Amino acid sequence: MVHSWELVTAVDGPGTRMTTFLAGCPLRCLYCHNPDTMSARSGTPVRAEELLTRIRRYRQVFAATHGGITLSGGEVLRQPAFAARILRGAREMGVHTAIDTSGFLGALASDALLADIDLVLLDVKSGDPETYRRVTGQELAPTLAFGRRLADLGIETWIRFVQVPGLTDVDENIAPIVSYAASLPTVSRVEILPFHQMGREKWADAGLRYELDDVEPPTPARTEHVREMFRAAGLTTY
Ligand code: SF4
């Protein structure tokens, strides 16, 4: 079940990328900017071969920009068999492969699937389990376990953290993410993503209640402070 796809540059991994958003997600992040992808019903059935044909068309673009494909969502690991076929097919074409995931369903990813991934964008939404539960409705532990498994397998990982004032953007909540990221030798980059209100209308369109109406984006100084927390631990941080 695929929600949509787009060609992007300098986001979701290196170079120009074809990012495909798979429909359905087990999390309910209060700040989700794609709430329309939460339900599996928001997607349309697409055969793996169709998507691979589209990927094949852009092979030259990916090669010229050192880009590739990124499977995102929703949650890509909710459809592990489909993801595995796409990743394998892309690999066979020599295309760089990435997934963007919360890691919550990491246990559903087989070693064979992971062997076809060049880069994982791992969204660590909170360092404190209680805050994680409040923000996502789920548990933090599976995400941490998945990141450690990626490290054991030697798979390059970028950690992503969304900085939401009054919710996740608290030093005590961020410090455990810093230590966690610094403990994984496979983490080559950390991205701090300041909260914004651009997804607000999508909540209303999807008929869902949005709880962050009054939240302002963090100040640039505060974002810089958070980035410095990671840099101080020796992590390359943007
Ligand atoms: S994991 Fe991503 S798609 Fe799922 S609810 Fe959270 S932000 Fe939205």
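**Exercise 1.** Which residues line the second largest pocket?

*Solution.* A quick note first: this is a predicted model, where local features need pLDDT of at least 70 and side-chain atom pairs count only at pLDDT 80 or more, while totals for chains, interfaces and linings use all residues. Residues are numbered from 1 along each chain as its sequence is written, and side-chain values use heavy atoms, with hydrogens and water left out.

Step 1: get the term straight. On a 1 Å grid over the protein atoms alone, a pocket is an open set of points where a 1.4 Å probe fits, with protein on both sides within 12 Å along at least five of seven lines; a lining residue has an atom within 4 Å of a point.

Step 2: read off the lining, which is Arg28, Leu30, Pro35, Asp36, Met38, Ser39, Arg41, Ser42, Trp203, Leu208, Arg209 and Glu211.

Step 3: add the volume, about 200 Å³, taken as the space filled by probe spheres set on the points, with grid points joined across faces, edges and corners.

**Exercise 2.** Describe the largest pocket and find the ligand.

*Solution.* Step 1: the largest pocket holds about 880 Å³ of space. Of its 33 lining residues, His33, Asn34, Asp100, Arg160 and Leu193 are the closest to the centre.

Step 2: sort the lining by class, and you get 15 nonpolar, 9 polar and 9 charged residues. Here Ala, Val, Leu, Ile, Met, Phe, Trp, Tyr, Cys and Pro count as nonpolar, Asp, Glu, Lys and Arg as charged, and the others, Gly among them, as polar.

Step 3: place the ligand. The ligand sits in this largest pocket (more than half of its atoms lie within 2 Å of the grid points). Around the ligand are Cys25, Leu27, Cys29, Cys32, Thr37, Met38, Gly74 and Lys125, each with a heavy atom within 4 Å.

**Exercise 3.** How is the pair of Trp5 and Tyr58 arranged?

*Solution.* Step 1: recall the rule. Rings of Phe, Tyr and Trp (its six-membered ring) pair if their centres lie within 6.5 Å; planes under 30 degrees apart count as stacked, over 60 as edge-to-face and the rest as tilted. That gives 3 aromatic pairs.

Step 2: apply it. The ring centres of Trp5 and Tyr58 are 6.2 Å apart and the planes stand at 55 degrees, so this pair is tilted.

Step 3: look at Trp203 and Tyr210, a tilted pair too, with 5.4 Å centre to centre and 40 degrees between the planes. Both Trp203 and Tyr210 are buried (under 20% relative accessible area, with a 1.4 Å probe and protein chains only).

Step 4: finish with the cluster, made up of Trp5, Tyr58 and Phe62.

Note on methods
Buried < 20%, exposed > 50% of the residue type's maximum accessible area, 1.4 Å probe, protein only.
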